[in-house]
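Here is a set of questions and answers for reading a structure at the bench. Please look over the sequence and the model first.

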Amino acid sequence: EQTAGNAVDSRTTLFCVIGDPIHHSRSPLMLNRAFRETGVNGIYTAFHITADKLGAFIQGVRAMGIRGVNVTIPHKVEIMRHLDEIDASAQALGAVNTIVNDNGRLIGYNTDGIGYVRSLKEEAVPELAGKRIVLLGAGGAARGIVYALAEERPASMTIVNRTINRAEELAASVSGHAGLKDVRPVGAFGLEMACRQADVVINTTSVGMSPQTEGLPMDINVNWLKPDAVASEIIYNPMTTRFLREADAAGRRIHGGLGMFIYQGAYAFEYWTGKPAPVAAMRETVLEALG
Ligand code: ATR
């Protein structure tokens with residue numbers, strides 16, 4: 001089923017992303033490029049699905065045999081009850097961002113955390129085993145990353161959150177993981193101490209995402225980071241945040257959030273097609289779209 005570049009015909013396989021809002025999404029550009037690049041006869045679109053239409057949407061997926069769906073805000077949790085099977089790691093996370101329609105059986109996965117980790121390893125820190133990691137934030141995004149990082153057997157993971165209860169809950173929920181011997185929750189007061197010992201500091205909070213939040217997460221001072229530490233971000237639009245700019249200016253290594261977006265899509269592509277994702281082409285397309 002090879003075609004020269006998204007020539008839609010009667011055998012074309014359908015894919016899409018759903019969310020509310022959705023029309024800002026770069027996933028269609030990125031995944032259609034991936035299909036063209038690899039000769040997959042597939043087409044990927046975006047649907048604006050509101051919460052009250054989620055069940056009807058899933059019926060549509062089943063009826064039309066849509067092969068793959070990416071799920072974004074605000075449906076990553078609610079979608080789960082409509083699926084036939086949830087992969088173990090998505091189950092542990094409690095959120096799904098990728099659905100594979102396996103001959104009518106809908107299976108939920110989550111590629112956000114593993115996408116982030118693959119990007120961090122490819123682009124900044126090839127070996128995470130034994131590293132000391134500090135996570136800023138304890139929301140849904142942090143959760144996916146904590147679970148995926150645990151697989152890499154870091155020496156320690158410190159979860160720093162403005163609201164300490166959420167850090168405690170996240171730490172408790174992952175503390176049984178075999179790869180994580182040392183996971184600690186702290187409030188913002190513990191940030192300096194944690195940063196001084198860290199090899200990687202990851203911002204998973206929403207601070208920096210919009211002009212309204214153009215601050216530094218929990219008033220972090222990048223000079224607390226060791227000279228060879230990496231400052232990492234999951235925000236990719238804007239491509240640099242104040243946290244990354246200040247870390248860069250202070251001579252620290254930086255790792256931006258774009259790779260997480262690319263690799264979460266790369267994993268989805270690989271689950272759907274069984275082919276290695278054309279990561280360089282996908283990155284090129286997203287960079288063009290971001291201007
Ligand atoms: P997501 O699913 O994107 O992680 P979320 O669950 O709303 O979204 O979590 C947002 C994270 O950003 C939380 O860790 C939040 O801290 P609180 O738990 O204390 O709310 C953090 N966050 C948002 N705005 C912040 C701010 N101005 N300063 C510090 N942390 C902030």
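A residue is called buried if 20 or more other C-beta atoms lie within 10 Å of its own. The model discussed here is a predicted one.

Q: Is Lys76 buried or exposed?
A: The cut-off for a buried residue is 20 or more other C-beta atoms within 10 Å. Lys76 has 21 other C-beta atoms within 10 Å, and therefore counts as buried.

Q: Where does Lys76, which carries the feature "active site" in UniProt, lie in the secondary structure?
A: The "active site" label at Lys76 comes from an unreviewed UniProt entry. Leaving aside neighbours within four places in sequence, Lys76 is in contact with Val71, Ala95, Val96 and Asn97. As for its own place, Lys76 belongs to the loop between strand E3 (68–71) and strand E4 (85–86).

Q: Which helix gives the largest share of the shell around the ligand?
A: The ligand is surrounded by 16 residues, and the closest are Gly139, Gly140, Arg162, Thr163 and Thr205. By residue type, the shell divides into 6 nonpolar, 8 polar and 2 charged. The largest share, 3 residues, comes from residues 140–150, which form helix H5.

Q: What is the radius of gyration of the chain, set against that of a compact globule?
A: The chain has 10 helices and 12 strands, and its C-alpha atoms fill a box of roughly 60 × 35 × 35 Å along the principal axes. Because a compact globule with 291 residues would have a radius of gyration near 19 Å, the value for the chain agrees with that rule, at 19 Å.

Conventions:
Residues numbered from 1 in each chain as written. Predicted model: local features only at pLDDT ≥ 70, side-chain atom pairs only at ≥ 80, totals over all residues. UniProt positions renumbered as here; feature names shortened; annotations may be inferred. Helix = DSSP H or I, 4+ residues; strand = E, 2+ residues; numbered from the N terminus. Buried ≥ 20, exposed ≤ 12 C-beta atoms within 10 Å, placed from the backbone. Contact = placed C-beta atoms within 7 Å. Near = placed C-beta within 6 Å. Nonpolar A, V, L, I, M, F, W, Y, C, P; charged D, E, K, R; others polar. Rg over C-alpha atoms; globule rule 2.2 N^0.38 Å.
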